[in-house]
Amino acid sequence: MSMNFSEFKRLLGADPRNRDPEFLRARASSAEFEKEAAEADRLEALLDRAVSLPVPEELMAEIRSIPQRRTGPRRRAWPLAMAAGLLIAVGAAGLIWQMNPSWGSVEDYVADHYRHDGAALLARADGEVADEVQSLLAEFDVEALPALAGIIGVIKYCPTPDGKGVHMVLNSERGLVTVIYMPDTPVTDRKAITFDDREALLVALKSGSAAIIGSPQQRISDLYALIQGSIVPIPGTT
Amino acid sequence: MTNEADRQARFDELASAYGTDLYRFAMWLCGDDALAKDLVQETYLRAWKALDKLKDRGAAKSWLITILRREYARTFERKVPKFTDVDAVVVPEDSELEPDDRVEVDMLRRSILTLPPKYREPLLLQVVMGYSCAEISRELGVSKSAVMTQLFRAREQLKARLQKDGVTGNVHELF
């Protein structure tokens with residue numbers, strides 16, 4: 001059976017240099033297919049030129065000199081040695097935390113996660129992260145609408161009960177507020193949690209869920225609508 | 001040839017064969033020249049240390065790419081690297097290109113930088129590193145079908161962005 005145009009376009013878009021005999025036969029089967037293939041070839045030629053960035057002249061010499069070096073590139077031994085002990089301790093603690101099997105519920109996870117690095121990230125919430133926001137969220141086929149994206153001061157990947165998620169700190173009108181995005185974790189919408197001196201509110205999103213975490217004085221429930229309406233699927237991904 | 005000289009020769013071979021493509025791959029991945037150079041050097045440093053473990057020379061490219069991707073992931077865990085100004089990534093001078101072509105290539109470069117990572121990385125593995133869909137599937141640990149979809153969508157997004165930013169209403173007229 002001959003290949004239909006839709007399937008041909010899909011294969012062409014995936015690999016214009018496909019040498020599969022059936023694909024090549026389809027390519028030459030009609031003017032419509034040939035035109036599509038020719039356009040793909042032109043895009044590919046442009047793409048080849050676009051990715052061919054010049055390589056720094058000194059790079060190859062630096063690579064070839066690696067066997068003669070006693071230490072790694074741009075590394076200083078003693079600060080590394082000093083840091084190593086600390087890193088091992090912190091890394092081990094982090095690893096143990098990330099592998100924590102004791103999250104019996106989303107509520108346990110939210111509290112445990114916040115205790116792990118919530119305060120540390122609040123302290124770093126003065127960054128310019130606009131460029132990273134959409135890039136990180138796109139991995140989960142969602143995006144932050146401007147009302148939210150514009151107030152994110154810290155964003156990083158983090159573990160969730162069901163795989164990777166995103167930890168954000170917002171510079172909101174209520175002060176610094178933490179939001180954890182969980183792409184694959186179902187929650188009871190609007191469920192409130194309290195732990196230590198914090199309050200959290202779970203939010204069911206169109207794609208995934210989130211936890212808003214702050215102090216009782218911040219009245220984080222007022223941020224429900226912002227979070228619920230501002231983390232949305234990227235059009236065309238669902 | 002002594003054992004050490006043989007090691008050095010093998011290492012030089014890896015540097016010549018893949019150094020350029022690895023730098024370009026790293027550059028498109030992280031968008032930062034200094035970080036890209038560090039990633040490539042760190043990759044080759046690890047490769048030098050573990051060279052004796054590389055038994056199959058045919059697997060060298062995927063071995064190096066895997067090392068580089070892991071190094072990049074470590075950087076990513078420490079701090080999400082920011083793309084530098086696109087103009088710093090995109091090299092304006094390309095004397096071999098006609099002015100019109102230069103505009104198109106420049107637009108395409110900017111569009112590549114704005115692709116979501118899950119589309120950008122497989123596309124770069126294919127276009128920069130010459131990987132097949134099956135090889136990308138193995139490297140990224142996703143199904144071949146998913147890779148094909150990602151590559152298709154990557155190219156569709158590039159076309160759509162060229163159309164949006166382009167000089168004509170029909171992207172096909174650009175090509």
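The following questions and answers look at a sheet in chain A and at the contact between chains A and B in a predicted model.

Residues are numbered from 1 along each chain as its sequence is written, while chains are lettered from A and ligands numbered from 1 in the order in which they are written. In this predicted model, local features need pLDDT of at least 70 and side-chain atom pairs count only at pLDDT 80 or more, whereas totals for chains, interfaces and linings use all residues.

User: Which are the edge strands of the open sheet in chain A?
Analyst: Strands are DSSP runs of E with at least two residues, and helices are runs of H or I with at least four, numbered from the N terminus. Two strands pair if DSSP finds at least two bridges between them, and the six strands of this open sheet, with antiparallel pairing, have the order β2-β3-β4-β7-β6-β5 (chain A). The strands that pair on one side only are β2 (152-160) and β5 (192-195) of chain A.

User: Which residue in β6(A) is the bridge partner of Ile193(A)?
Analyst: Strand β6 (residues 198-204) of chain A runs antiparallel to β5(A), and four bridges join them. In β6(A), the partner of Ile193(A) is Ala200(A).

User: Which element gives the most to the side of chain B that touches chain A?
Analyst: Counting two residues as in contact if their C-beta atoms, placed from the backbone, lie within 7 Å, 42 residues of chain B are in contact with 35 residues of chain A. The elements of chain B that give two or more residues to this side include α2 (33-49) and α8 (144-165). With ten residues, the element that gives the most is α1(B).
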